[in-house]
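Student: I would like to question the labels rather than simply accept them. Could you set each value against the rule behind it?

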Amino acid sequence: MSDTQTLIENRPPSVAGLFLERVAATPDAEAYRYPVPSPAGQGPDEWKSLSWGQAAVRVYAIAAGLIELGVQPEQRVALASSTRIEWILADLGIMCAGAATTTVYPQTNADESAYILSDSESRVLIAENAEQLAKAKEKRAELPELTHVVVVDPAGVETADWILTLDELEKRGAARLEKDPDLVKDRVGALTKDQLATLIYTSGTTGRPKGVRLPHDNWSYMAKAIAATGLVSTEDVQYLWLPLAHVFGKVLTSGQIEVGHVTAVDGRVDKIIENLPVVQPTYMAAVPRIFEKVYNGVAAKARAAGGAKYKIFQWAAEVAREYAKVSQDNFRRTGTASVPFGLGAKHKVADALVFTKIRDAFGGNLRACVSGSAALSPEIGYFFAGAGIHILEGYGLTESSAASFVNPGEAYRTGTVGKPLPGTEVRIADDGEILLRGPGIMEGYHKLPEKTAEVLEPDGWFHTGDIGELSPDGYLRITDRKKDLIKTSGGKYIAPAEVEGQFKAVCPYVSNILVHGADRNYCTALIALDELSITEWAKENGLAGKSYAEIVAAPVTVEMVDGYVKQLNEGLQRWQTIKKFRLLPRDLDVEHGEITPSLKLKRPVVEREYKHLIEEMYDGSRER
């Protein structure tokens with residue numbers, strides 16, 4: 001048996017146990033950094049640190065406080081908050097109390113929040129602020145199981161017998177620990193690997209969300225498997241901004257506890273650009289939309305700077321892509337990422353003119369990024385690879401505890417999601433569907449045995465619903481969601497995500513695009529533009545001062561986007577080409593339910609919302 005197998009197979013039953021081990025091993029080492037906003041928002045935030053020992057004091061107090069409120073093992077404690085240090089401490093506190101965390105996105109409306117709290121039978125809600133508390137107050141009559149709400153940020157909150165602050169909870173817990181110092185350690189010691197640790201509700205495109213049951217063993221396996229990849233070390237500084245209510249963000253907390261590196265945590269997306277030079281992370285995880293926004297922002301800035309600078313950027317971008325493709329290909333064949341002398345010389349010039357500025361914007365120390373949750377356009381991936389920002393694509397689902405595949409460090413291949421994590425098995429079904437089996441797979445859907453049986457076979461194989469192909473040496477390429485594949489009326493299959501990804505690499509102003517064509521005789525697209533970059537473009541094109549809706553309705557804007565659509569079509573098969581498109585009057589967003597909180601497109605919702613525009617594009621076509 002290899003050292004990696006031994007490490008994984010001899011894992012403890014829970015991440016709560018791993019946390020206690022980490023605290024005992026390195027109590028004085030830095031664990032977390034978090035921002036404290038300056039008064040009245042004047043000046044930059046002050047970043048503070050917690051050592052593992054200091055974090056443990058708060059985690060044990062939260063755990064003991066929950067026990068004091070009557071929370072029993074495996075009972076659910078809901079957590080409705082954005083990504084912040086208190087989310088991590090509360091989640092660890094819940095697990096150390098032997099309870100299970102029900103994650104709730106802070107953007108979730110009152111009706112769906114109430115459904116999740118009710119379906120999960122959550123006894124306590126840890127709410128970020130008055131806004132999250134208000135949802136529970138509004139629906140309290142529908143939540144007989146909910147006995148207490150604990151508020152993290154007490155501004156504007158009136159406490160009651162059933163409402164207390166996180167500070168009050170910690171004080172109660174600390175008092176209980178004075179009487180019973182082994183209380184938390186005993187709860188953690190009693191945990192078994194099959195006990196429920198987390199209940200994450202998937203944001204379904206139709207109907208109610210399903211609760212995915214993830215026992216303690218899922219997270220313990222993930223922690224050990226992430227460490228076994230060798231991608232992170234104790235010297236790393238991670239910048240964590242992803243939603244922790246989402247499985248992708250949550251899994252990163254498990255890996256960090258096992259490895260013991262520093263995590264800087266701040267979920268404010270509008271602060272990412274400001275935070276990166278301050279935090280100077282060595283690695284961070286993100287969703288493709290972030291890389292697309294950075295790429296489009298850099299391209300739009302270069303275009304706005306005038307002809308010469310834009311030409312330099314376009315030349316540098318092509319050099320970056322060629323450099324990345326050649327070096328990755330050579331590494332695959334020879335084990336060395338070498339490039340011909342001429343290409344190397346061009347790359348050196350491009351690096352001095354363009355790439356160093358991009359790396360500096362990411363903080364200057366970034367060794368690698370992990371991208372997941374949706375497909376990254378290979379052309380954008382190659383651009384960043386050539387610029388020295390190495391994006392390791394990974395793959396997983398809520399049902400597989402997030403991390404099933406990841407690209408292996410230096411041997412990463414843009415356009416693939418890499419190889420399975422140690423201990424995870426994969427096979428491709430006859431229809432191309434990816435099947436997974438291993439310790440990361442969920443126990444099942446909460447109170448939905450029929451739904452569980454639809455995707456989870458008795459021998460442990462999980463049907464992902466994604467289509468993919470494996471290379472002879474084990475790299476997986478995702479081609480599309482099984483249910484998202486389009487079959488035209490001419491019988492041709494099209495993977496819309498592939499076409500959409502190519503357009504994002506071509507057009508620097510796109511925010512979201514949906515390709516439509518199922519049972520039609522040609523493909524069309526709904527396109528939403530990025531408000532910031534299109535507003536900058538508008539200033540240079542006679543539309544200064546116009547609203548977003550006015551800009552996208554202007555003939556000059558439609559003509560500009562049409563040029564990019566034609567450029568896209570040049571690289572597509574005839575049946576994939578976009579024959580018509582419509583610009584949307586606003587960008588897609590979470591609030592309207594058109595994208596998930598992890599920024600995935602909800603196709604049925606968008607197609608339903610803009611059915612009139614889709615039908616307009618097929619009016620008079622031969623299929624009618």
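Student: Why is the contact between Lys 224 and Glu 258 called a salt bridge?

Tutor: The closest N and O atoms of Lys 224 and Glu 258 are 3.3 Å apart. The rule asks for a side-chain nitrogen of Lys or Arg within 4 Å of a carboxyl oxygen of Asp or Glu, so the pair qualifies. Lys 224 lies in helix H9 (residues 216–229) and Glu 258 in helix H10, so the contact ties together parts 34 residues apart in sequence; helices here are DSSP runs of H or I with at least four residues, strands are runs of E with at least two, and the numbering starts at the N terminus. Please keep in mind that this is a predicted model, in which local features need pLDDT of at least 70, side-chain atom pairs count only at pLDDT 80 or more, and totals for chains, interfaces and linings use all residues. Residues are numbered from 1 along each chain as its sequence is written, and side-chain values use heavy atoms, with hydrogens and water left out.

Student: Are Lys 224 and Glu 258 buried or exposed?

Tutor: Lys 224 and Glu 258 are both buried, a word used for under 20% relative accessible area, with exposed meaning over 50% and partly exposed the range in between (1.4 Å probe, protein chains only).

Student: What makes the contact of Lys 271 with Asp 45 a salt bridge?

Tutor: Their closest N and O atoms are 3.9 Å apart, and the pair is accepted because this value is still within 4 Å. Lys 271 sits in the loop between strand E11 (262–265) and helix H11 (272–279), while Asp 45 sits in the loop between strand E1 (30–36) and strand E2 (46–51), so the bridge joins parts that are 226 residues apart in sequence. Lys 271 and Asp 45 are also both buried, and they belong to a network of salt bridges that links Asp 45, Asp 266, Arg 268, Lys 271 and Glu 274. Over the whole structure, the search finds 40 salt bridges.

Student: How do you know that Arg 413 and Asp 473 pair in this way?

Tutor: Their closest N and O atoms lie 2.5 Å apart, which is within 4 Å, so the rule is met. The partners come from distant parts of the chain, 60 residues apart: Arg 413 from the loop between strand E15 (405–406) and strand E16 (419–420), and Asp 473 from the loop between strand E20 (462–470) and strand E21 (476–481). Arg 413, with a relative accessible area of 12%, is buried, whereas Asp 473, at 37%, falls between the two cut-offs and is partly exposed.

Student: What makes the space lined by Ala 80 and Val 104, among others, a cavity?

Tutor: On a 1 Å grid over the protein atoms alone, a cavity is a set of points where a 1.4 Å probe fits but cannot get out, and a lining residue has an atom within 4 Å of a point. The structure holds three cavities of 30 Å³ or more, and about 70 Å³ lies in the largest, a volume being the space filled by probe spheres set on the grid points, which are joined across faces, edges and corners. Helix H5 (110–120) and helix H6 (130–138) each give two or more residues to this lining, and H5 supplies the largest share, four residues.

Student: Which elements each supply at least two residues to the lining of the second largest cavity?

Tutor: They are helix H4 (85–96) and helix H10 (247–259), with H4 giving the largest share, five residues. The volume of this second largest cavity is about 50 Å³, and its lining includes Trp 87, Met 95 and Lys 250.

Student: What makes Ser 401 and Ala 402 stand out in their phi angles?

Tutor: Most residues other than glycine have a negative phi. Ser 401, however, has a positive phi of about 60°, and phi of Ala 402 is near 85°. Ser 401 lies in the loop between strand E14 (391–395) and E15, as does Ala 402. Ser 401 has a relative accessible area of 0% and Ala 402 one of 10%, so each is under 20% and counts as buried.

Key
1 Å grid on protein atoms, 1.4 Å probe; cavity = no way out; pocket = protein on both sides within 12 Å on 5 of 7 lines; lining within 4 Å.
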